[in-house]
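These are my notebook entries on a single structure, set down in the order in which I looked things up.

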Amino acid sequence: MTLVKAYAAQAADKPLAPYSFERREPGEKDVEIKILYCGVCHSDIHTARNEWGGTMYPAVPGHEIVGKVTRVGSGVTKFKEGDTVGVGCFVDSCRYCSNCHDDLEQYCENGHTQTYNSMTQDKSGYTLGGYATAIVVDEHFVLSVSDKLPLEKVAPLLCAGITTYSPLRHWGLKAGDKIGVVGLGGLGHMAVKLAASMGAEVTVLSRSASKEKDATELGAKHFKLTTNKDTMAGLANSFNFIIDTVSAQHDYNEYLQLLKTDGVMILVGAPPQPDPVSAFPLIMGRRSLVGSLVGGLKETQEMLDYCAEKGITSDVEVISIDQIKEAYERTLKGDVHYRFVIDMSTLH
Ligand code: NAP
Ligand code: ZN
Ligand code: ZN
């Protein structure tokens with residue numbers, strides 16, 4: 001066992017604080033990683049504050065991990081000491097169900113093991129995530145990361161990047177398609193960059209007027225304020241796709257109206273509260289409302305390679321671990337440009 005330093009939430013209403021715990025020794029197929037950077041996803045906040053229910057304390061969040069391999073087990077074939085690697089939202093799955101077989105480990109029919117706050121496959125304990133100095137992960141769940149791009153800007157690709165890339169690929173976004181991105185935060189800004197890189201015409205749909213200039217710089221052609229009723233009415237039947245990244249309860253029906261006939265609205269944001277969906281905006285335009293969870297390992301590697309080739313990274317504000325409380329507060333206010341990333345060398 002190796003003692004690692006970390007930051008943990010001890011209860012839903014307590015800010016994260018220093019914590020230490022033991023990681024397992026690397027087993028035959030395991031890779032031990034020294035964590036260099038970890039992104040701050042809104043899911044970390046939902047979990048630390050038990051907004052989705054089921055948080056096990058102490059909870060160590062963090063699933064946008066980039067680091068260096070320090071040790072490998074005797075059966076590891078893909079990685080060696082010194083390699084630059086990433087770990088995303090999950091670290092294990094059953095490996096034998098049809099979804100695991102089809103590289104869709106995120107939809108493992110027997111329940112995958114997420115990087116934090118998730119039972120291990122043998123049910124002996126629960127996982128602790130990337131706000132820590134090191135992590136030990138089976139090589140199947142470890143990704144190769146190019147050294148060509150700044151690693152602090154690559155870290156958010158492990159969740160925000162793949163969560164937006166996967167549905168755009170799955171539902172076949174193509175050049176010339178019109179897509180609305182709802183919410184310009186961590187996921188939203190990656191959706192803008194990725195959709196623009198695929199040749200789509202991107203409109204940011206935001207409640208924050210101050211983000212207009214950034215939206216254009218990120219690759220959006222248009223910026224529309226969702227708080228303006230006339231603007232929203234004028235956008236009816238405009239989009240082939242909408243990707244909704246909003247973290248809090250809001251009215252889905254308002255956005256469904258903005259889809260063209262056969263348009264698809266993809267939910268990736270995960271507000272804790274449900275919101276009623278009326279049949280009418282779906283029926284009236286043969287529209288679809290769908291959801292998507294991160295991406296499988298094969299597709300995550302494909303996304304990392306795609307981003308390395310195209311030079312796509314996240315726009316980040318690097319923070320020290322003791323700024324995490326402030327980073328959570330600013331994220332909750334929508335004041336993030338556009339992902340906080342923790343420099344893990346600040347965790348002593
Ligand atoms: P984030 O950086 O906080 O961005 C969320 C954005 O939503 C905000 O910047 C804001 O954009 C908008 N927003 C927030 N509160 C709102 C409200 N009350 N009304 C309207 N708009 C609001 O969060 P994130 O890290 O991108 O995560 C977004 C959501 O996706 C979270 O719920 C997270 O748990 C979930 N998630 C899902 C997956 C998946 O696999 N499906 C993966 C990762 C995260 P504007 O200021 O532009 O309006
Ligand atoms: Zn995430
Ligand atoms: Zn499975």
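Which residue follows H10, and is its phi positive or negative? I found that H10 is followed by Gly-311, and that the phi of Gly-311 is positive, near 70°. I note at the outset that this is a predicted model.

**Entry 1: helix H10.** I checked the length of H10, which covers residues 297–310. With 14 residues at 1.5 Å a residue, H10 should span 20 Å, and I read 20 Å between its end C-alpha atoms, which agrees. I then listed the buried residues of H10: Leu-297, Glu-299, Thr-300, Gln-301, Met-303, Leu-304, Tyr-306, Cys-307 and Ala-308. I recall that an α-helix has 3.6 residues a turn, so residues three or four places apart point the same way. I looked up what the buried residues of H10 pack against: strand S6 (90–92), strand S9 (143–144), helix H3 (151–154), helix H4 (160–170) and H5.

**Entry 2: helix H5.** Since H5 appears among the packing partners of H10, I turned to H5 next. H5 comprises the 12 residues 186–197, for which 16 Å is expected at 1.5 Å a residue; the end C-alpha atoms are 17 Å apart, which agrees. I recorded H5 as mostly covered, with 10 of its 12 residues buried. These are Gly-186, Leu-187, Gly-188, His-189, Met-190, Ala-191, Val-192, Lys-193, Leu-194 and Ala-195. Just after H5, I noted a positive phi of about 90° at Gly-199.

**Entry 3: ligand 1.** I counted 28 residues around ligand 1, the closest being His-42, Ser-206, Ser-208, Lys-211 and Arg-339. By class, I have the shell as 11 nonpolar, 14 polar and three charged residues. Which helices each supply at least two residues of this shell? They are H1 (42–48) and H5; H1 gives the most, with three residues. I then looked at backbone atoms beside the ligand. A polar backbone atom of Gly-186 is 2.8 Å from an oxygen atom of ligand 1, and a polar backbone atom of Leu-187 is likewise 2.8 Å from an oxygen atom of the ligand. At Ser-292, a backbone N or O atom lies 2.9 Å from a nitrogen atom of ligand 1. Taken alone, ligand 1 exposes 920 Å², of which the protein buries 90%.

**Entry 4: cis peptide bonds.** I noted a cis peptide bond from Tyr-57 to Pro-58, with omega near -5°. Pro-58 sits in the loop between H1 and strand S4 (65–72). I noted a cis bond also from His-337 to Tyr-338, with omega near -15°. Tyr-338 belongs to the loop between H11 and strand S17 (339–343).

**Entry 5: Arg-330.** I looked up Arg-330, which lies in helix H11 (residues 324–332). Is Arg-330 buried or exposed? I entered Arg-330 as buried, because its relative accessible area is 18%, under the 20% cut-off. Leaving aside neighbours within four places in sequence, I found Arg-330 in contact with Glu-317, Asp-335, Val-336, His-337 and Phe-340.

**Entry 6: Asp-30.** I located Asp-30 in strand S3 (residues 30–40). Asp-30 counts as buried at 7% relative accessibility. I found a polar contact of 2.8 Å between the side chains of Asp-30 and Arg-24. Beyond four places in sequence, Asp-30 touches several residues, including Arg-71, Val-72, Val-136 and Asp-138.

**Entry 7: positive phi outside glycine.** I noted Asn-237, with phi near 60°, as a residue other than glycine with a positive value. Asn-237 is in the loop between helix H7 (229–234) and strand S13 (239–244) and is partly exposed, at 47% relative accessible area. I found Asn-237 and Gln-257 to be 20 residues apart in sequence and 6.4 Å apart in space, C-alpha to C-alpha. Not counting residues up to four places away, Asn-237 touches Gln-257, Leu-258, Leu-259, Lys-260 and Arg-287. Arg-286 also has a positive phi, of about 45°, although it is not a glycine. Arg-286 lies in the loop between helix H9 (280–283) and strand S15 (288–291), and I entered Arg-286 as exposed, because its relative accessibility is 60%.

Key:
Residues numbered from 1 in each chain as written. Chains lettered and ligands numbered in written order. Predicted model: local features only at pLDDT ≥ 70, side-chain atom pairs only at ≥ 80, totals over all residues. Heavy atoms only, no water. Helix = DSSP H or I, 4+ residues; strand = E, 2+ residues; numbered from the N terminus. Expected span 1.5 Å × (residues − 1). Buried < 20%, exposed > 50% of the residue type's maximum accessible area, 1.4 Å probe, protein only. Contact = heavy atoms within 4.5 Å. Near = heavy atom within 4 Å. Polar contact = N/O pair within 3.5 Å; in protein donor to acceptor, adjacent residues only side chain to side chain. Areas by Shrake-Rupley, 256 points an atom, 1.4 Å probe, with all protein chains shown as cover. Nonpolar A, V, L, I, M, F, W, Y, C, P; charged D, E, K, R; others polar.
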